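Thanks, everyone. I'll put the model up and then go through two sheets and two loop residues.

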Amino acid sequence: MTRLTVLTGGSTPERDVALAGAAQVVQALRGRGHVVSVVDTVTGPVRPGDEERLLHPDVGREPPTRLELETLASQEDPHALLDLSEIREADLVFLVLHGKQGEGGELQALLDLAGITYTGSGPFASALAMDKDVTKRLFRQAGIATPQWHMWPLSVQDVAFAYPVVVKPSKTGSTVGVTLVDSGAGLPEAVELALQFDDEVMIEEYIAGREFTVGILGDQALGAGEIIPQHTLFDYECKYTPGMTDELFPAPVADELADDMRRLALEAHRTLKLRDFSRVDFRMDEQSTLYCLEVNTLPGLTSASLLPQSAAVVGIDFPGLCESICREALKRAGDRRSIGS
């Protein structure tokens, strides 16, 4: 019997996404017979009577407001997590967190220092993947195509690629604070929005074409999927509002192209020194050139999220995916106990 603690919530714009994922991860792991506790990084241990109220599968059309996030952040003390028996005594801490505080490496560093085994990538790799500017520099050195980009500030005249461009916070996820800008006149407003969520802003070339994603589990690429949102960008509303995006798994492409995506996804995962699992996103232009956009180190984990759909292509169901992630972490930690056998 394995004692697992699902660590979730957080004070980032993706808090609701994390809680929705945790609701289903908890259910899946308990269904496999594991003893599962839940801890919110903001409010602490979640008692069984409070789980139904806090852990719900629905994500709103918009992220929490800035005021709500500031209030949550004022209550959050990552160091205090290490004093909780639910964290200290767990065989494994399963991270269902999104955004800089959960994916940026600081929490992972704390857990490492305390000798606590957790799922996902370590501090260094997490920090690399969270910073989109650093990620793209590493992709370029590795020969992985990625859209051109600049970092703000710069003058409108210095933008070296054609409009439209994508303006985004450099260290957030779920397309929070992202704007598609049609001309230089729209840059200041878009940058102002992005700065509400991060202190660095990226101006990125917009690749018109099809969007794809590939999951990674262990050191293997899963199935490729195509994403067709109702909006031009796969934004927060399209991601979390039922019916606003068609997600096609497996992707309706030739086997050779799907294999290319899977190969590039695994190469991107390895380039950033990631571990356990991730999800890699691509755009493909009219010439069928694949451009790697980013890698998600703790991708969404509701049963309808993209990583579980990618896993389903190769015959791994949602509970099996959650358990496989646990196995990867325990194996890496040198824990020889059998989980789910």
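I'll start with one pair of residues: Glu226 stands opposite Leu248 in β11. That pair sits in the context of strand β10, residues 220-229, which pairs with β11 in the antiparallel sense over 4 bridges. Keep in mind throughout that this is a predicted model.

Now the sheet around them. It is open, with 5 strands in the order β11-β10-β9-β12-β13, and the pairing is antiparallel. At the edges are β11 (245-248) and β13 (290-296), each of which pairs on one side only. On average, neighbouring strands of this sheet are turned by 25° against each other, direction ignored.

On to the other sheet. Here 4 strands form an open sheet, ordered β3-β2-β1-β4, with mixed pairing. The edge positions belong to β3 (44-45) and β4; each has a single partner strand, so one side of each is left without a neighbour in the sheet. Strands β1 (residues 3-8) and β2 (residues 35-40) run parallel and are joined by 6 bridges. To give one position, the bridge partner of Thr5 in β2 is Ser37.

Helices pack on this sheet. Helix α1, residues 15-31, touches β1, β2 and β4, and its direction makes about 165° with that of β1. Helix α14, residues 318-332, also packs on the sheet, touching β1 and β4; the direction of α14 makes about 130° with that of β4.

Next, the two loop residues, on either side of β4. Ala90 is in the loop between α5 (85-88) and β4. Is Ala90 buried or exposed? Its relative accessibility is 17%, and the cut-off for buried is under 20%, so Ala90 counts as buried. Apart from neighbours within four places in sequence, Ala90 is in contact with Arg3, Thr5 and Ser85. Thr5 is the residue we just saw bridged to Ser37. For a distance, Ala90 and Leu54 are 36 residues apart in sequence and 21 Å apart in space, C-alpha to C-alpha.

His98 lies in the loop between β4 (92-95) and α6 (100-103). With 5% relative accessibility, His98 is also counted as buried. What does the side chain of His98 reach? The backbone oxygen of Leu298, at 2.8 Å. Again leaving aside neighbours within four places in sequence, the contacts of His98 are Thr12, Glu14, Val17, Ala18, Glu103, Leu298, Pro299 and Gly300.

That's what I have; I'll take questions now.

Methods. Residues are numbered from 1 along each chain as its sequence is written. This is a predicted model: local features need pLDDT of at least 70, side-chain atom pairs count only at pLDDT 80 or more; totals for chains, interfaces and linings use all residues. Side-chain values use heavy atoms; hydrogens and water are left out. Buried means under 20% relative accessible area, exposed over 50%, partly exposed in between (1.4 Å probe, protein chains only). A polar contact is a pair of N or O atoms within 3.5 Å; within protein, one must be able to donate a hydrogen and the other to accept it, and residues adjacent in sequence count only if both atoms are side-chain atoms. Contact means heavy atoms within 4.5 Å. Two strands pair if DSSP finds at least two bridges between them. Axes are lines fitted to C-alpha atoms, for helices over the stretch in contact, and angles run from 0 to 180 degrees between N-to-C directions.
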